[in-house]
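Please look over the sequence and the structure shown here before reading on. The report is meant to be read with both at hand.

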Amino acid sequence: QEIMQNENQFNALQKKRFGPDGDRYKKEQELIKPVQDEVFNAIRDLASSEGYGMVFDAASSSLTMVFSDPKYDISDDVLKKMGYVK
């Protein structure tokens, strides 16, 4: 019973430290988010000043869009065509 209790404590601690909402994830977000925001803002500003409508991440193994000028967003038009009004 003591072994099971220790296993349960270990599992709880492991989840607290390394789980989806664990300390490691929170610290990672705390450190990475400001850098991601800075990169995104630089991309957005450059795209706006150079007249780019979209910017893709060429380093990614899949083609990932990192910026899109909102004027190219046709989501509302698609919803309207489908009969949904915003």
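The sections below take up confidence, overall layout, the second helix, the strands and an aromatic pair.

## Model and confidence

The structure is a predicted model, and the mean pLDDT of its chain is 90, with 99% of the residues reaching 70 or more. Confidence does vary along the chain: helix α1, residues 2–18, has the highest mean, at 95, whereas helix α3, residues 75–81, has the lowest, at 84.

## Overall layout

Three helices and two strands make up the elements of the chain, and, read from the N terminus, they follow the order α-α-β-β-α.

The C-alpha trace spans about 65 × 35 × 25 Å along its principal axes. The radius of gyration is 22 Å, while a compact globule of 86 residues would have a value near 12 Å. Buried residues account for 7% of the 86 residues in the chain.

## Helix α2

Helix α2 covers residues 23–50, and its length can be checked against a simple expectation. At 1.5 Å a residue, its 28 residues should span 40 Å, and the C-alpha atoms at its ends are indeed 40 Å apart, which agrees. The helix nevertheless bends by about 35° at Ile32, and a proline, Pro34, follows within four residues of that position. After α2 comes Gly51, whose phi is positive, near 80°.

One of the residues in helix α2 is Gln29, which counts as partly exposed because its relative accessibility is 29%, a value that lies between the 20% limit for buried and the 50% limit for exposed residues. Gln29 and Asp57 are 28 residues apart along the chain, and their C-alpha atoms are separated by 21 Å.

## The two strands

Strand β1, residues 54–57, runs antiparallel to β2, and four bridges join the two strands. Together β1 and β2 form a hairpin, with six residues lying between them. Within this pairing, Asp57 stands opposite Thr64 of β2, and Val55 has Phe67 in β2 as its bridge partner.

## The aromatic pair

A search of the whole structure finds one aromatic pair. The partners are Phe40 and Phe67, whose ring centres are 6.2 Å apart and whose planes meet at 50°, so the pair is classed as tilted; the reasoning is that planes under 30 degrees apart would count as stacked and those over 60 as edge-to-face.

Phe40 belongs to helix α2 and Phe67 to strand β2, residues 64–68, so the pair ties together parts that are 27 residues apart in sequence. The two residues can also be described by their accessibility. Phe40 is partly exposed, with a relative accessible area of 34%, whereas Phe67 is buried, with a relative accessible area of 7%, which places Phe67 under the 20% cut-off for buried residues. Phe67 thus appears in two settings, as the bridge partner of Val55 and as the ring that pairs with Phe40.

Methods: Residues numbered from 1 in each chain as written. Predicted model: local features only at pLDDT ≥ 70, side-chain atom pairs only at ≥ 80, totals over all residues. Heavy atoms only, no water. Phe/Tyr/Trp six-rings, centres within 6.5 Å; stacked < 30°, edge-to-face > 60°. Buried < 20%, exposed > 50% of the residue type's maximum accessible area, 1.4 Å probe, protein only. Pairing = 2+ DSSP bridges. pLDDT = per-residue confidence, 0-100. Expected span 1.5 Å × (residues − 1). Bend = angle between axes of the 7 residues up to and from the residue. Rg over C-alpha atoms; globule rule 2.2 N^0.38 Å.
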